[in-house]
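Got a model on the screen and some labels to justify? Let's take them one by one and check each value against its cut-off.

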Amino acid sequence: MDNKNKDDFSVPNEDKATNTEVQKYTRLTFGTVLKTELFNSIAKSKKHLLRFFLICFMSFIYGIICITGVWDPISRIDQVPVAIVNRDAPSCFAYISTIKGGNEFIDDAKEVSYFDNAKNSSECGGLAKQWFETGGFDKTVYELNYRYASLIDDIMTNGSAYNPATKQINKSVGDINTNINYLSGDEAYFSPQSKYWVQLNIPQNYTLNTYKLMRGLSLIGTTNFSANEEDNLYKAMDFFKDNKINLWATYEHSFMIGNIMNMLKSTFGGIATSVLTTISPEALFWLSARQDQGEHFGEYYIIPYNIQNFIMNIVNGINSYDCDGTNNTQVCQDASGNPISSNLYQALQKLKKDNEELYNSVVLMFHHIKYDEFVKFDAVLVKKSMTFAELLPKAFEIMLPNLGPIPDKKDVEKSLWGKKVYWSDYKSKLLSVTNYFISDAQASQKINTHIQGKEFGTYGYGLGLYFISISLWVGAMLQTFIYSKKSYTKNAKWHQYYLAKWVTMIMTSYAQVLLLFIGLLAVGYGNLGSPILYMLMWMVITATVLTTITQALWYCLPDVNSGRFLCIMYTVFNLAAGGGSFPAILQNKFFEGISYIVPFTYTIRGLSNIVYGVASNEGIMSNYNEQILSSFGIICLFFAFFLALGLATSYIYRRIDIYGTFKLKEIYLAMNNINETENFAQSRRVINNLDIKYTTLIKEYIDKINRNKKIKLLEDKISNLYKDPAVVRIKKLESNLVTLRDRFEIINQRYNILSQKVEITNSSHDQKKVTKLKRKINKLVEKIKKDRQEIMELKANPNIERIRSLTAKYNTMKTEYDTLASGNTSDWKVKVKGIKLKQELIYTKKKITDLTAATTKTLFDSPNEVKINKLIIEYNIVKEQLNDLQQNNKATEHLTKKYENKLLKIKNQVTALKDSSLIINRFIEEKIIKLNKQLETINIEKAKNQKLASLMKDDNYNIKVKKANHKIGEIVNEIQVLEEELKSIVEHQKDRIKNKYKYNKYLMNLTRIKSNYVYDDSREGIA
């Protein structure tokens, strides 16, 4: 072919045509296709422009709203309702102490009494004075002391962190600052329980049992440890064992807060510990405070020595807990060195009998106090260890350094340890020293910690990396809803079509990235400094890859919505396994495996390296090159794979879009049957370069052929539902046999050729192939034999399968009936079961007989037959009931008449069912009516053409008359066939369609294809 005809796609054919027009194709450039795509997708109208601008803002809207919504929730943690709930009501107790020289604390009091029924301070004072007056105490020697208060209330409300105006305690633990509500009295009883999300609950009677415990502990091991004091002590111990201070939280209001409570108990436990640790010096004061009745009337004070003495008495008393009179130790000996048995030991033995669990806990605690060595050190090359009893005096001197060393008891009144210390002085002096000691002790336990990237540790930065990837994915996903898969350049090639769409989506994604980046700068990401530019570059890369993936998934299925669904499913796996909320190693093995094949894993990892690596001022870009480049490399693999997938599917569906089919044979066949293209060369080059005029003709032809095939297929399927199933099955098996035989011939031919080759070459490789082919042949032979056997059986009797199943059912029922008949038949339930089985046997045997006799057609169960069988069973049961009544002489005239009427009613129902007419097959009837109408129309047209032929003397009208006669003959034959089929169906009760779902489905598709089919070359893309 010379140069001037190099674009001539026609084939010279003198036999077919002598004047063939040379068709030439003007090749489109990618730039032209892209311009057309951009114009029609974005700039075609104001509506398109508005839609474009809105989609550009979608990533910005989603990302910025989500990031700002979770930017720094921890900074507002003080808004979480947290409360110390004090349900400890004020308690009233009174004790008797000596006026002069006596200890003014509860441990050394002569006597103590508790008043549970006191409602206020005045009642408490009245009851205490009455007890003092009636107790016979010498007023010249003893004086009355009483107190009405809640220990927790005094500690909390007098603490330095308490704000009486707001009734809140402000505490900080690390970076967490919170305002804790303090509730007491009626406020401590609120509803619902979850009103406060985190609660520190103080139980009732906490103060009362605290003082009972103090009193009992101060007396253990002494001769004053009476039975009543012993009972109070162990009851108090039991109370604190069962009524611990409880830290309560809930998931109800916020899963995050509940989970923080559950996972980070140490954090909020730390708040509680911090509160209790800070108030412990205050608790020490209020535990032993007494109200002044003199110069400083009403003000509370303590005697420091009394506190020290009280605690030392407790420890020294505990040291005798195991003195049973036999231990040869110094603490268990009297002044003469003789072993003694302490009161505490005896009390513990009594406790062991009453409450062994509490006994074990108390003894374990006492053992640690007595024997554990708390401090070990070397002093002048001498190793020294200190027990709890030896350590305590030193601890008091350190905690209260302004008071000097602890004096002897006789010198107490002369020293500062024996002077009154009022709350105002304690708070301003001793409390500051104590707090300093505590804070210093806490500081000594701290370790140096360093967390890289802590300056960007707010949720907004951390979760923002996740939301950035999601927002870019959402932006790409939403483009599938505003852009069309339709090609706006009808003769564009497959790669031009796909890449033009890709560039359009990429440009939109880059606009989304720019707007999102501006929003991130405004939110706070500008604090990253210069690495923010690296972040922008990574966002561009992420948008490119995610958009490519979205487009590929959208295009890989022909249906638009199916492609969108595929995108959504892949998004779900990215959200679940991408490592945005939890690292993959914290998830189960399935999601950990999925994390390797979702892009979020690598996009988020890259952003993390930039924000928490490069921007953290702890390294330069080169330090993170390896991790960032590895993530970039994997992302590039995603890009390459999904771009190739998109182009491959575009190649397939673009040909379907242009020609209506992907198969070249169908396209060539259509070209041969179209006058304008019958002389064109049949090659891919021609197919890929045909003018739109010819591609439209080919597509119309192929669509018409496919439409007719679908109509024929659906009509056959509907018709098969009414045909004898055995006939349909035989046709299917015969068709399958043809296919199997063809495969057998091909494989057998290959087998023979290879067998001859093996005889010559003795190749082991060819021998394996021969063996494999032999196995295939044997399997095909077995299938052919099986299908032939089934065809023979169906031709012999179409009901063979039902006969087999009913025979097996009959044998099973016969065995069961024989077993019942040989047993006890007097039981009514057995009788009823026997009646049912007997009738079922009769019915089944009759069906087997009928099916065996019907060798030419398939018999169906009539609904009436099933109903008749059930009525016969019911008739026999009623009849048996009547016989039983008559045999037992219980059949009164009224009962007999009742049962006879019931039997007559059932009999009439059976007769009515037997006489009922069969349902006519409406589908075939409607088809016959439709054909008759068509026949009537053709006859009218035929008569018209006959008149015109006789008048005009034109042969064209005669040709139309002949065609009409031919069509009339076809329709008449079809009507005859349908009428015969309808007659056969009525005779053999084949009007029942078992699978109504298939019938409705086929009929709906058939109606849609016939009525809604309009060739529309402007329909959307390949969808």
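A charge sits over a ring if NZ of Lys or CZ of Arg is within 6 Å of the ring centre and within 35 degrees of the ring normal. Keep in mind that this is a predicted model.

Q: What makes R655 count as lying over the face of F662?
A: R655 is 4.5 Å from the ring centre of F662, and the distance limit is 6 Å, with the angle to the ring normal within 35 degrees. R655 is therefore listed as lying over that face. R564 gets a similar description: its charged end sits over the ring of F481, 4.5 Å from the centre.

Q: Why is the pair of W71 and Y525 called edge-to-face?
A: The ring centres are 5.9 Å apart and the planes meet at 65°. Pairing needs centres within 6.5 Å, and edge-to-face needs planes over 60 degrees apart, so W71 and Y525 fit the label. The pair also bridges distant parts of the chain, with W71 in the loop between α3 and β1 and Y525 in the loop between α16 and α17, 454 residues apart.

Q: How do you know whether Y525 is buried or exposed?
A: Its relative accessible area is 0%. Buried means under 20%, so Y525 is buried.

Q: What makes W494 and Y651 an edge-to-face pair?
A: Here the distance is 5.3 Å centre to centre, with 80° between the planes. With limits of 6.5 Å and 60 degrees, the pair of W494 and Y651 qualifies as edge-to-face. W494 is in helix α16 and Y651 in helix α21, 157 residues apart.

Q: Why are W494 and Y651 called partly exposed?
A: W494 has a relative accessible area of 30%, and Y651 comes in at 28%. Partly exposed covers the range between 20% and 50%, so W494 and Y651 both get that label.

Q: How many aromatic pairs does the structure hold, and which residues form one aromatic cluster?
A: It holds 27 aromatic pairs. W473, Y570, F600, Y602, F638, F641 and F642 form one cluster.

Q: Which residues have the most contacts inside the largest nonpolar core?
A: That core has 59 residues, and the ones with the most contacts inside it are I468, L520, Y525, L528, M535 and M539. Helix α17 gives the most to this core, with 12 residues. Beyond its neighbours within four places in sequence, L528 is in contact with F456, Y461, M535, V611 and A615.

Q: How do you know that the length of α17 agrees with what is expected?
A: At 1.5 Å a residue, its 25 residues should span 36 Å, and the end C-alpha atoms are 36 Å apart, so the two agree. As for cover, 19 of the 25 residues of α17 are buried.

Q: What makes C92 and C124 a disulfide?
A: The S to S distance is 1.9 Å. The cut-off is 2.5 Å, so C92 and C124 count as joined. A search of the whole structure finds 1 disulfide.

Q: Why is the disulfide of C92 and C124 called right-handed?
A: The torsion about the S-S bond is about 85°, so the disulfide is right-handed. It links C92 in strand β2 to C124 in helix α4, 32 residues apart. C92 is buried at 2% relative accessible area, and C124 is buried at 0%.

Q: Why is C56 called buried?
A: C56 has a relative accessible area of 3%, and the limit is 20%, so C56 is buried.

Key: Residues are numbered from 1 along each chain as its sequence is written. This is a predicted model: local features need pLDDT of at least 70, side-chain atom pairs count only at pLDDT 80 or more; totals for chains, interfaces and linings use all residues. Side-chain values use heavy atoms; hydrogens and water are left out. A nonpolar core is a set of buried Ala, Val, Leu, Ile, Met, Phe, Trp, Tyr and Cys residues joined through side-chain atoms within 4.5 Å. Buried means under 20% relative accessible area, exposed over 50%, partly exposed in between (1.4 Å probe, protein chains only). Helices (H or I, at least four residues) and strands (E, at least two) are DSSP runs, numbered from the N terminus. Contact means heavy atoms within 4.5 Å. Rings of Phe, Tyr and Trp (its six-membered ring) pair if their centres lie within 6.5 Å; planes under 30 degrees apart count as stacked, over 60 as edge-to-face and the rest as tilted. The expected span of a helix is 1.5 Å times one less than its number of residues.
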